[in-house]
Amino acid sequence: MTRLLASGLAVLLAAPLFAQPKLPPGLVVEEQPQDPKATKIVLIAGSSVLKPGEHEYIAGCGTLADLLKQTPGVAPVLAVDWPKKPETFAGAKAVVFFTDGGDKHEALKGQRLAEVQKLADSGAGLVFFHQTIDVPNDLGDRMRGWSGGAWEKGYSQRAHWIATFETFPDHPICRGVDPFKIDDGWLNQLRFSKGMKGVTPLLRTANPKGGKDGDAAIVSWAFDRPAEGSAKAGRAFSFSGCHLHSSLAQEGYRRFLVNGILWSAGMEIPSKGAPVALSEAELNKYLLAAKKR
């Protein structure tokens with residue numbers, strides 16, 4: 001019995017502290033840029049999947065990483081759930097969060113809030129997709145300080161509907177963005193920074209079942225984060241859609257997301273927008289069967 005217990009303990013001690021979830025073929029995590037001058041962009045993908053094609057965080061980040069590589073000098077680095085290597089955040093010009101939100105938000109665990117604050121204070125761009133703008137209410141001001149807006153329990157709304165976007169404001173993120181129509185799970189009626197300071201609305205859509213217009217209909221925005229004390233100024237881009245992976249089939253939609261990431265990283269967006277070529281095979285190559293949350 002003693003030998004069996006010792007053997008079992010040895011196996012536990014030998015096991016990795018963080019089990020790496022199964023990855024689609026062709027995806028490599030936390031591979032650091034070879035060029036020290038490259039614009040490093042870290043994409044954090046949650047490992048859970050709601051249903052096939054829904055909340056496909058790994059597939060979404062994998063596809064976005066491939067799209068980002070089409071812009072010369074950009075080096076995307078993929079991390080699952082949270083970086084395991086301390087050097088992954090080092091030198092990042094922007095960090096993309098695409099995970100579960102609310103109490104399951106990856107940034108809420110351990111000392112991660114402090115890590116995100118350190119990134120913000122360094123001037124790194126922050127990108128929040130879908131549920132990642134949803135944090136517990138006592139962290140709402142923290143999220144607004146990072147992104148300019150937050151989903152607030154008891155005030156904000158969420159629902160699914162089809163939205164068409166045909167006109168866009170004069171902002172670098174919207175350069176070259178063609179009209180697109182998507183069926184999405186929207187987080188709306190958000191709580192923004194006081195006086196909308198630093199917030200530039202980019203997309204609005206109201207719930208067709210009695211939803212409010214105006215600022216309550218904002219589902220995507222840019223945020224110019226001010227310098228405060230020792231913290232540097234920075235940028236943030238948020239989009240509360242991204243529920244369906246299939247939406248990336250639309251060129252205007254994926255250019256909007258890629259432009260937003262690049263803008264957050266401090267890059268100049270071309271007049272025709274970032275290159276975002278994508279075939280059907282490339283769109284679907286990272287999809288995995290759903291696993292329980």
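**Cavities, cysteines and the central strands of the sheet**

The lining of the second largest cavity divides into six nonpolar residues, one polar residue and one charged residue. In this predicted model, that cavity has a volume of about 30 Å³, and the residues that line it are His105, Ala107, Leu108, Leu113, Val135, Leu139, Arg142 and Trp146. The count of cavities of 30 Å³ or more comes to two. The largest cavity holds about 80 Å³ of space, and its lining is made up of His55, Glu56, Gly60, Leu64, Phe98, Cys242, His243, Leu244, His245, Leu248, Tyr253 and Leu257. Sorted by class, these lining residues comprise seven nonpolar, four polar and one charged. Two helices contribute to this lining with at least two residues each, namely helix H2, which spans 57–68, and helix H5, which spans 251–264.

The cysteines were examined next. One of the residues lining the largest cavity is Cys242, yet the number of disulfides in the model is zero. Cys61 takes part in no disulfide, and the nearest cysteine sulfur to its own, that of Cys242, lies 9.1 Å away. Seen from the other side, the closest cysteine sulfur to that of Cys242 belongs to Cys61, and because the separation is 9.1 Å, the two are too far apart for a bond, given that a disulfide requires sulfur atoms within 2.5 Å. Both residues are nevertheless enclosed: Cys61 is buried, with a relative accessible area of 0%, and Cys242, at 6% relative accessibility, likewise counts as buried.

Turning to the strands, an open sheet is formed by seven of them, arranged in the order S2-S1-S3-S4-S11-S10-S9, with mixed pairing. The edges are occupied by strand S2 (74–80) and strand S9 (199–204), each of which has a single partner strand, so that one side of each is left without a neighbour in the sheet. On average, and with direction ignored, neighbouring strands of this sheet are turned by 15 degrees against each other.

Within this order, strand S3 stands between S1 and S4. Strand S1 (residues 39–45) pairs with S3 in the parallel sense over five bridges, and Val42 has Val95 as its bridge partner in S3. On the S4 side, strand S3 (residues 94–98) and strand S4 (residues 125–129) also run parallel and are joined by four bridges. Among the bridge partners found there, Val96 is matched with Val127 in S4, while Phe97 is matched with Phe128 in S4.

The side chains of S3 were then considered by the direction in which they point. In a regular strand the side chains alternate between the two faces of the sheet. For S3, Ala94, Val96 and Phe98 point one way, whereas Val95 and Phe97 point the other way, and all of these residues are buried. Since five of the five residues of S3 are buried, the strand is largely enclosed by the rest of the structure. Phe98 links this part of the description to the cavities, as Phe98 is one of the residues that line the largest cavity.

How values were computed: Residues numbered from 1 in each chain as written. Predicted model: local features only at pLDDT ≥ 70, side-chain atom pairs only at ≥ 80, totals over all residues. Heavy atoms only, no water. 1 Å grid on protein atoms, 1.4 Å probe; cavity = no way out; pocket = protein on both sides within 12 Å on 5 of 7 lines; lining within 4 Å. Points joined across faces, edges and corners; volume = space filled by probe spheres on them. Nonpolar A, V, L, I, M, F, W, Y, C, P; charged D, E, K, R; others polar. Buried < 20%, exposed > 50% of the residue type's maximum accessible area, 1.4 Å probe, protein only. Pairing = 2+ DSSP bridges. Axes fitted to C-alpha atoms, helices over the stretch in contact; angles between N-to-C directions.
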